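Me: I would like to go through this structure by question and reply. Please show it before we start.

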Amino acid sequence: MSALEQALGGPAIEVVAKATRRRFTVEYKRRIVREADGCKTPGAVGALLRREGLYSSHLTTWRAARERGELAGAAKKRGPARRVVDPRDKRISEWERERTRWQQRAERAEALVALQKQVAALLGTPLTGETS
C-alpha cells in the first residue's frame, strides 16, 4: 500500500471509463418531491438534495412533471405519437398517382404525334386526317 492509500484508509478511488446515466423511478421522484415539500427549516431542501446526490434542477423538473400529472399514474409511452391515417388522404394520393400516370401517357402520345409530323414533313408525304 502506498502512503496515500494508507492515509485514506484504503485503496485509491478507481475512475470508471464510461459514466452511466442515472435513472430514477416514478416512486423515488414522488418521495423526494414530498420530502422537499415537507421541508420547513432554511437549508433543509439543500441538505436533502446533498444527501440524495441530486441537483436542484431535478427537483424543479420533477415538480413540473407532478403539476402536469406525469408522476401520478402510469408511465408515459415514449416515441412519436401514433398518426391516425385518414382514408381520404390515401384515396387522394391514389388519384394523384393515377393523374400523373395519365399525364405522362398524354405527353408521350403528343411526342409521338410530333415525331410523326416531322417524319412526314421530311418525307414530303402529307398525313391523312391532319386538321392543321
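Reply: For what follows, a contact means heavy atoms within 4.5 Å. The model is a predicted one.

Me: Among contacts between residues at least 6 apart in sequence, what percentage join residues at least 24 apart?
Reply: The chain has 132 residues. Taking contacts in the chain between residues at least 6 apart in sequence, the share that joins residues at least 24 apart is 50%.

Me: How many helices and how many strands does the chain have?
Reply: Read from the N terminus, the elements run α-α-α-α-α. The count is therefore five helices and zero strands.

Me: Which helix gives the most residues to the largest nonpolar core?
Reply: That core has 11 residues: Y28, I32, V33, A36, L48, L49, L54, L59, W62, A65 and L71. At least two of them come from each of α2 (26-38), α3 (44-52) and α4 (56-68). With four residues, the helix that gives the most to this core is α2.

Me: Which residues does L49 touch, not counting residues up to four places away in sequence?
Reply: L49 belongs to the largest nonpolar core, as do L54 and L59. Leaving out residues up to four places away in sequence, L49 touches L54, Y55, S56 and L59.

Me: Is H58 buried or exposed?
Reply: H58 lies in helix α4. Beyond four places in sequence, H58 is in contact with R22 and F24. The cut-off for buried is under 20% relative accessible area. H58 has 19% relative accessibility, so H58 is buried.

Me: Which side chain does R68 join in a polar contact of 3.0 Å?
Reply: R68 is in helix α4, and its relative accessibility of 53% makes R68 exposed. The polar contact of 3.0 Å joins the side chain of R68 to that of E70.

Me: In which helices are E35 and R51, the two partners of a salt bridge?
Reply: Their side chains meet at 2.9 Å, N to O. E35 and R51 are 16 residues apart, and the pair links distant parts of the chain: E35 is in helix α2 and R51 in helix α3.

Me: By relative accessibility, how do E35 and R51 count?
Reply: E35 has 28% relative accessibility, so E35 counts as partly exposed. R51 has 55%, so R51 counts as exposed.

Me: Why are R91 and E94 separated by about one helical turn?
Reply: The side chains of R91 and E94 form a salt bridge of 3.5 Å, N to O. R91 is partly exposed at 43% relative accessible area, and E94 is partly exposed at 29%. The separation is about one helical turn because R91 and E94 are three residues apart in helix α5.

Me: Which residues do salt bridges that share partners join into one network?
Reply: The whole structure holds 10 salt bridges. One of them, between R66 and E67, has an N to O distance of 3.8 Å. Through shared partners, salt bridges join one network of R31, E35, R51 and E52.

Me: What is the accessible area of the nonpolar surface patch that holds L123?
Reply: L123 is in helix α5 (residues 87-123), and its 62% relative accessibility makes L123 exposed. The patch consists of L112, L115, V119, L122 and L123, and their accessible area together is about 540 Å².

Me: How much of the accessible surface of the chain belongs to carbon and sulfur atoms?
Reply: The accessible surface of the chain is about 12000 Å². The part belonging to carbon and sulfur atoms is 56%.

Note on methods:
Residues are numbered from 1 along each chain as its sequence is written. This is a predicted model: local features need pLDDT of at least 70, side-chain atom pairs count only at pLDDT 80 or more; totals for chains, interfaces and linings use all residues. Side-chain values use heavy atoms; hydrogens and water are left out. A nonpolar core is a set of buried Ala, Val, Leu, Ile, Met, Phe, Trp, Tyr and Cys residues joined through side-chain atoms within 4.5 Å. Buried means under 20% relative accessible area, exposed over 50%, partly exposed in between (1.4 Å probe, protein chains only). Helices (H or I, at least four residues) and strands (E, at least two) are DSSP runs, numbered from the N terminus. A polar contact is a pair of N or O atoms within 3.5 Å; within protein, one must be able to donate a hydrogen and the other to accept it, and residues adjacent in sequence count only if both atoms are side-chain atoms. Accessible areas come from the Shrake-Rupley method with a 1.4 Å probe; for residues, only the protein chains shown count as cover. Patches are made of residues with over 30% relative accessible area and no salt bridge: like charges are joined within 9 Å, nonpolar side chains (Val, Leu, Ile, Met, Phe, Trp, Tyr) within 5 Å. A salt bridge is a side-chain nitrogen of Lys or Arg within 4 Å of a carboxyl oxygen of Asp or Glu.
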